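This report describes the fold, the core and the pockets of one protein model. Please examine the sequence and coordinates shown below before reading on.

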Amino acid sequence: SSDATSCVLFTSLSSINGPKIVVPRLNGTCIIPASNAGAYFIRLTLNQVDYSQAIPFTIYPTPNITQVAPNRVPIGTSITATITGQGFTNSSSMRVMVGDTL
């Protein structure tokens with residue numbers, strides 16, 4: 001039999017019966033399904049035995065981007081872009097990707 005590694009996502013330390021997300025055993029990546037914005041906890045399990053402490057995890061609301069300026073630049077040009085919209089979260093962990101570049 002193969003080992004079943006999963007992530008358990010739950011909304012409070014007292015509600016550990018949250019949805020389980022199966023994780024590839026060698027990959028170790030938790031793929032979180034679309035969920036409501038808010039504070040959660042995540043815990044890694046192996047064969048339904050807790051393998052880690054509950055770790056705080058936040059899902060931020062999706063921002064609404066209304067404008068990016070400038071909207072074009074010549075290839076190879078470094079610029080500072082201004083992104084305008086609503087619902088941005090002030091967090092040092094938030095990043096912007098342009099194509100495949102972070």
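What is the volume of the largest pocket? The largest pocket has a volume of about 310 Å³. A pocket is defined on a 1 Å grid over the protein atoms alone, as an open set of points where a 1.4 Å probe fits, with protein on both sides within 12 Å along at least five of seven lines; lining residues have an atom within 4 Å of a point. The volume is the space filled by probe spheres set on the points, which are joined across faces, edges and corners.

The model is predicted; local features need pLDDT of at least 70, and side-chain atom pairs count only at pLDDT 80 or more, whereas totals for chains, interfaces and linings use all residues. Numbering starts from 1 along each chain as its sequence is written, and side-chain values use heavy atoms, with hydrogens and water left out.

**Pockets**

Of the 13 residues lining the largest pocket, Val68, Ile79, Ala81, Val96 and Val98 are the closest to its centre. The second largest pocket is lined by Pro61, Pro63, Ile65, Ile83, Gly87, Phe88, Thr89, Ser93, Met94, Arg95 and Val96. The table sets out volume and lining class for both; Ala, Val, Leu, Ile, Met, Phe, Trp, Tyr, Cys and Pro count as nonpolar, Asp, Glu, Lys and Arg as charged, and the others, Gly among them, as polar.

| Pocket | Volume | Lining residues |
|---|---|---|
| Largest | about 310 Å³ | 10 nonpolar, two polar, one charged |
| Second largest | about 250 Å³ | seven nonpolar, three polar, one charged |

Ala81, in the loop between β6 and β7, is classed as partly exposed because its relative accessible area is 43% (buried means under 20%, exposed over 50%, partly exposed in between, with a 1.4 Å probe and protein chains only). Ala81 touches Ala69 and Pro70, not counting residues up to four places away in sequence; a contact means heavy atoms within 4.5 Å. Ala69 and Pro70 are joined by a cis peptide bond with omega of about -5 degrees. Pro70 is found in the loop between β6 (64-69) and β7 (82-86). Between Ala81 and Asn71, 10 residues apart in sequence, the C-alpha to C-alpha distance is 8.4 Å.

**Fold and core**

The protein has zero helices and seven strands, where helices (H or I, at least four residues) and strands (E, at least two) are DSSP runs numbered from the N terminus. Buried residues account for 14% of its 102 residues. Among contacts between residues at least 6 apart in sequence, 37% join residues at least 24 apart.

Five residues, Cys7, Leu9, Tyr40, Ile42 and Ile59, form the largest nonpolar core. Strands β1 (5-10) and β3 (38-46) are the elements that give two or more residues to this core. Such a core is a set of buried Ala, Val, Leu, Ile, Met, Phe, Trp, Tyr and Cys residues joined through side-chain atoms within 4.5 Å.

Ile42 lies in strand β3 and counts as buried because its relative accessibility is 12%. Leaving aside residues up to four places away in sequence, Ile42 touches Cys7, Val8, Leu9, Cys30, Ile32, Gln53, Ala54, Ile55 and Phe57. Ile42 and Ile32 are 9.8 Å apart, C-alpha to C-alpha. With the same sequence exclusion, Ile59 touches Ile32, Ser35, Asn36, Ala37, Gly38 and Tyr40.
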